[in-house]
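Work through the exercises below with the sequence and the model in view. Each task is followed by its solution.

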Amino acid sequence: MPPKTAETFELFRQEIDESNDRRERLIKASRDVTNISKKAIFLLHRIILEDTDDDRGRRAAVKGRSKLDEARPYFAAMRLELVGDRFWRHQRQVSPAVQEYIEALSFAHYLEHGSIIPFNDTQAAFSDADGLYFPLTVSDYLLGLSDLTGELMRFAISNISRRGGSTTANDICRLVRDCKAGQFPHFEQFIPHIRDLGKKQSVTSSSLEKIEAAAYAVMVRGSEFDLPPEILEDLIQQTTVRFDIGRRDDSLYNNGS
Amino acid sequence: MDTANIDVLNTLLDKDIGVSEKIREQVKELDKKVRTIVGILGKIHSTPSNSMGPLLDSVEPVLYSCREILSAIASAVPPDQFWRWKEMWSNDIRSLVFAAALIEFLKNGGLLSVSQTSETLGIQEEWKDRFVLSVEDYLHGLIGMVNELSRYAVNSVTLGDFQEPMKISTFVKDIFSGFTMLNLKNDSLRRRFDSLKYDLKKIEEVVYDVSLRKLVES
């Protein structure tokens, strides 16, 4: 090989290696952030179901957000790798982490405020004293929110037997419907411009159907009892609490004696 | 979702759509030029070496006319967003690298470097954060050229030029050993590199055939 060609390819090798190594580091960091975000989501689900008082949403959000803060050092490290034109070079490696983080963040926001977190607030949560960690794309924001609907569905269903559960389920239905296609279509209108959004929106549709089915079941079965909704809820809750702590058998014995 | 938030998103998306439309318009023009260039270069297989010069000279003006389009693309790309949009024109740019490198080899027998290629295509240093010739695209272009040269080696013999396969063989082996220095990840470049050995083999067979029959002095 003439020395000139060898020299040129040596430079290529350095550049390719450098870029591949950076890519690997970003994938690892991205995986760690995804992991933390998933844990934060589980944490939110756990705390919100611990109690039924009005303050539970705020409490859950505070704890969830403090769990999410563990992702900050990773984002700060990623920022150094994503300076200038490198962000778009490696956007695909970091975007899964960003989406998962937004999913957790928006879930905490929903539990506290009962609404969808706006883009600007998401950007604010995605920054430290030095500003944004790296550019937050509209695409990652919308895809993260699409995943949120799955969490809302889970929450609506596990919460449905609790006090106010069917009201919450109905609120969630309304919110998810509104996101999908409100007065003027929201998510649907973005589908042509955002890769993968269509796929995620079909998952959203099936989540929505599940919430609707649960709300329907509560309504239909509730109608069999001629009781005001609050009393009915108390009844349901008492029953499920007994189930929860495994006293079902005891109570049977007590009744029998 | 409230309307203020929707407005924020729409403004951002509209900006992106504007950029992509502007680029798409230019890429459409570039596609046409590339087809013309590749079309003319296809004639090398039936052109005897003494009329190769004029054929190549007829490609160059078309090649140079791409500079204007690349410049328009560069000005449409927002700062630091080269990697976001480059997929839109990477096929074209690879074909342009292919053309420029092939012309250089056929004219002077050497390898066109990245910086020479950038120069030929009129890619400016000051476009750095908006438009560059990436190593990946350059290497794709070179592989395209090797694919073409393996065919050309066969056809040059048919046209009675027995010296050409020798030149091609040395040149392609040189490029091949360059590629073996790289640690490629499992992507399209890697797959195309893996197929280079068949081109190499084909060229070697031609060299073997003409040497065996003493059509060239070894």
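**Exercise 1.** Which pattern does chain B follow when read along the sequence?

*Solution.* Read in that direction, chain B follows α-α-α-α-α-α-α-α. Its secondary structure comes to 8 helices and 0 strands. Helices (H or I, at least four residues) and strands (E, at least two) are DSSP runs, numbered from the N terminus.

Two notes apply throughout. This is a predicted model, in which local features need pLDDT of at least 70 and side-chain atom pairs count only at pLDDT 80 or more, while totals for chains, interfaces and linings use all residues. Residues are numbered from 1 along each chain as its sequence is written, and chains are lettered from A and ligands numbered from 1 in the order in which they are written.

**Exercise 2.** Describe the overall dimensions and burial of chain B.

*Solution.* Along the principal axes, the C-alpha atoms of chain B fill a box of roughly 80 × 35 × 25 Å. Of the 218 residues in chain B, 33% are buried. A residue is buried if 20 or more other C-beta atoms lie within 10 Å of its own, exposed if 12 or fewer, and partly exposed in between, with C-beta atoms placed from the backbone.

**Exercise 3.** Work out how α7(B) is arranged against α6(B) and α8(B).

*Solution.* Start with α6 (residues 135–158) of chain B: its axis and that of α7(B) come within 9 Å and cross at roughly 160°. Axes are lines fitted to C-alpha atoms, for helices over the stretch in contact, and angles run from 0 to 180 degrees between N-to-C directions. α6(B) and α7(B) are therefore roughly antiparallel, a term for angles over 145 degrees.

Next take α7 (residues 164–180) of chain B with α8(B): the axes come within 10 Å and cross at roughly 155°. This makes α7(B) roughly antiparallel to α8(B).

Then find the handedness. α6(B) passes α7(B) in a left-handed crossing, and α7(B) passes α8(B) in a left-handed crossing. A crossing is left-handed if the near helix is turned anticlockwise from the far one by less than a right angle.

Last, list residues in contact, that is, with C-beta atoms, placed from the backbone, within 7 Å. Where α7(B) meets α8(B), the residues include B:Ile168, B:Val172 and B:Phe176 in α7(B), and B:Leu196, B:Leu200 and B:Ile203 in α8(B). By class, this contact of α7(B) with α8(B) has 13 nonpolar, 1 polar and 3 charged residues. Ala, Val, Leu, Ile, Met, Phe, Trp, Tyr, Cys and Pro count as nonpolar, Asp, Glu, Lys and Arg as charged, and the others, Gly among them, as polar.

**Exercise 4.** Where does B:Asp80 lie, and is B:Asp80 partly exposed or buried?

*Solution.* B:Asp80 lies in the loop between α2 (52–76) and α3 (82–85) of chain B. Its phi is positive, about 65°, although B:Asp80 is not a glycine. Most residues other than glycine have a negative phi. B:Asp80 counts as partly exposed because it has 18 C-beta neighbours inside 10 Å.

**Exercise 5.** How many residues of chain A are in contact with chain B?

*Solution.* 28 residues of chain A are in contact with 24 residues of chain B. On the side of chain A that touches chain B, α1(A) gives the most, with 11 residues. The residues of that side divide into 14 nonpolar, 7 polar and 7 charged.

Methods
Contact = placed C-beta atoms within 7 Å. Parallel < 35°, antiparallel > 145°, perpendicular 65-115°, else oblique.
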